[in-house]
Amino acid sequence: MAGVLDSVNQRTQLVGQNRLELLLFRLAGKQLYGINVFKVKEVLQCPPLNEIPKRHPVVRGVAHIRGGTISIMDMNLATGHGPLKNLENCFVIITEYNRSTQGFLVSKVERIVNMNWEHIHPPPKGSGHENYLTAVTEVEGQLVEIIDVEKILAEVSPISEEITAGVIEDGIAERVVQKHVLIVDDSTIARKQIQRVIESMGLQTTLCKDGREALEFLQSLIEAGKTVTQELLLVISDIEMPEMDGYTFTAEVRGNPALKDLHIILHTSLSGVFNQAMVKKVGADDFLAKFHPDDLARRVNERVKSMCGESMLDEE
């Protein structure tokens, strides 16, 4: 176990070329699950848990870890199964999502595997809209299910999607009435969160579930004889996605003369300086730690004002 913990600490700084590292774990049965190592802060034996009144059923209790108090969620319960037993033999995966820290209770932690995003695929068709998978892959002949942690967090502790009064500037939608915002994210919940914010600003949206699908959509616009920057106001893309991650997607866009001027905001539940460095390296225009409605709205405001200013200069 110590070796796995050391690896987590050492490898969370990895920024790959369309690569990721998965921490593999199990819940109550034999099924193997995975979580992106980037999101993992620490893995530890389950500490004593203190119950809290009126807690969400998925929350098994709170633990005092590194001087702070963290809610511990039973991932087996969260995905619609029964509670994990023998907590003293279980492990807690401490993660950081959307600027908050939480713990997920699992029965066993296996190891870390290094993979290419091209080998991570969307959930099979027919698995339904209510499943808790964001992707699947295969490791040594065994199916690995990658859980949509953001869906769990949205159900246990919903994030407000309301934009503070006064943040949306008057007339924003009217200035770019025919342009869409392209939203690219493998998490159904994350896509919907961003979509609702953008549409509450009066703007239209187009949704893609990963970088490859988004690139194919952009290519279809080009093949239809359309000028992409006249069709799209901007692209808001997640970084960690199956098939093609946000860094690779951005680099591909910048390498295409017909797309190179497309405004791209990379957003992520991750944090850290390495993201800012990669944003500059691949040529993205901005970086947003997701999800905060006001921050997102301000970025869209700024983009609209920038475009309108460019249009006025062109007319002159």
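# Notebook: helix 3, strand 10 and some charged pairs

**Helix 3.** I began with helix 3, residues 149-156, and found this helix mostly covered, with seven of its eight residues buried. The model is a predicted one, and I kept that in mind throughout. I listed the buried residues of helix 3 as Val-149, Glu-150, Lys-151, Ile-152, Leu-153, Ala-154 and Val-156.

I then looked at Lys-151, a charged residue on that list. Is Lys-151 buried or exposed by its relative accessibility? Lys-151 has 7% relative accessibility, so I entered Lys-151 as buried, the limit being under 20%. I looked for a partner and found a salt bridge between Lys-151 and Glu-155, with 3.4 Å between the closest N and O atoms. The two residues are four apart in helix 3, and therefore about one helical turn separates them. Glu-155 has a relative accessible area of 37%, which I noted as partly exposed. I also noted that Lys-151 lies over the face of Tyr-132, at 5.0 Å from the ring centre.

**Strand 10.** Next I went to strand 10, residues 142-147, where I looked up Glu-145. Which side chain of opposite charge is nearest to Glu-145, and how far away is it? I found Arg-26, at 11 Å. Glu-145 is buried and has no salt bridge. A salt bridge needs a side-chain nitrogen within 4 Å of a carboxyl oxygen, so 11 Å is too far for one.

I then wrote down what Glu-145 does touch. Leaving out neighbours within four places in sequence, the contacts of Glu-145 are Gln-31, Leu-32, Tyr-33, Gly-34, Leu-133, Ala-135 and Val-136.

Gln-142 is also in strand 10. I recorded Gln-142 as partly exposed, because its relative accessibility is 29%. With residues up to four places away in sequence not counted, Gln-142 touches Arg-26, Lys-30, Leu-32 and Thr-137. I checked Gln-142 against Leu-32 along the chain and in space. They are 110 residues apart along the chain, while their C-alpha atoms are separated by 7.7 Å.

**Aromatic pair.** Tyr-33 was among the contacts of Glu-145, and I turned to rings next. How many aromatic pairs does the count give? It gives one. The pair is Phe-25 with Tyr-33, at 5.9 Å centre to centre and with 20° between the planes, and I noted the pair as stacked. The angle fits that word because planes under 30 degrees apart count as stacked. Both Phe-25 and Tyr-33 are buried.

**Salt bridges.** I searched the whole structure and counted 15 salt bridges. One of the pairs I looked at is Glu-140 with Arg-111, whose side chains meet at 3.3 Å, N to O. This pair links distant parts of the chain: Glu-140 is in the loop between strand 9 (133-139) and strand 10, Arg-111 is in strand 8 (residues 108-116), and they are 29 residues apart. I entered Glu-140 as exposed, because its relative accessible area is 74%. Arg-111 has 30% relative accessibility and so went down as partly exposed.

Another pair is Lys-260 with Asp-261, with 3.5 Å between the closest N and O atoms. Lys-260 is partly exposed at 41% relative accessibility, and Asp-261 is exposed with a relative accessible area of 56%.

I came back to Arg-26, and found a network of salt bridges that links Arg-26, Lys-108 and Glu-110. Arg-26 is also the residue I had noted 11 Å from Glu-145.

**Backbone angles.** I looked up two residues with positive phi. Asn-86 has a phi of about 50° although it is not a glycine. I placed Asn-86 in the loop between helix 2 (75-78) and strand 6 (91-97). Glu-140 has a positive phi of about 50° as well, and it is not a glycine either. I had already placed Glu-140 in the loop between strand 9 and strand 10.

**A recorded feature.** Last, I checked the UniProt record. Where does UniProt place the feature "modified residue: 4-aspartylphosphate"? The entry, which is unreviewed, places the feature at Asp-238. In the model, Asp-238 lies in strand 13, residues 232-238. I recorded Asp-238 as buried, because its relative accessibility is 1%.

Technical notes. Residues are numbered from 1 along each chain as its sequence is written. This is a predicted model: local features need pLDDT of at least 70, side-chain atom pairs count only at pLDDT 80 or more; totals for chains, interfaces and linings use all residues. Side-chain values use heavy atoms; hydrogens and water are left out. Rings of Phe, Tyr and Trp (its six-membered ring) pair if their centres lie within 6.5 Å; planes under 30 degrees apart count as stacked, over 60 as edge-to-face and the rest as tilted. Buried means under 20% relative accessible area, exposed over 50%, partly exposed in between (1.4 Å probe, protein chains only). A charge sits over a ring if NZ of Lys or CZ of Arg is within 6 Å of the ring centre and within 35 degrees of the ring normal. UniProt positions are given in the numbering used here, feature names are shortened, and annotations may be inferred rather than shown by experiment. Lys and Arg count as positive and Asp and Glu as negative; His and the chain ends are not counted. Contact means heavy atoms within 4.5 Å.
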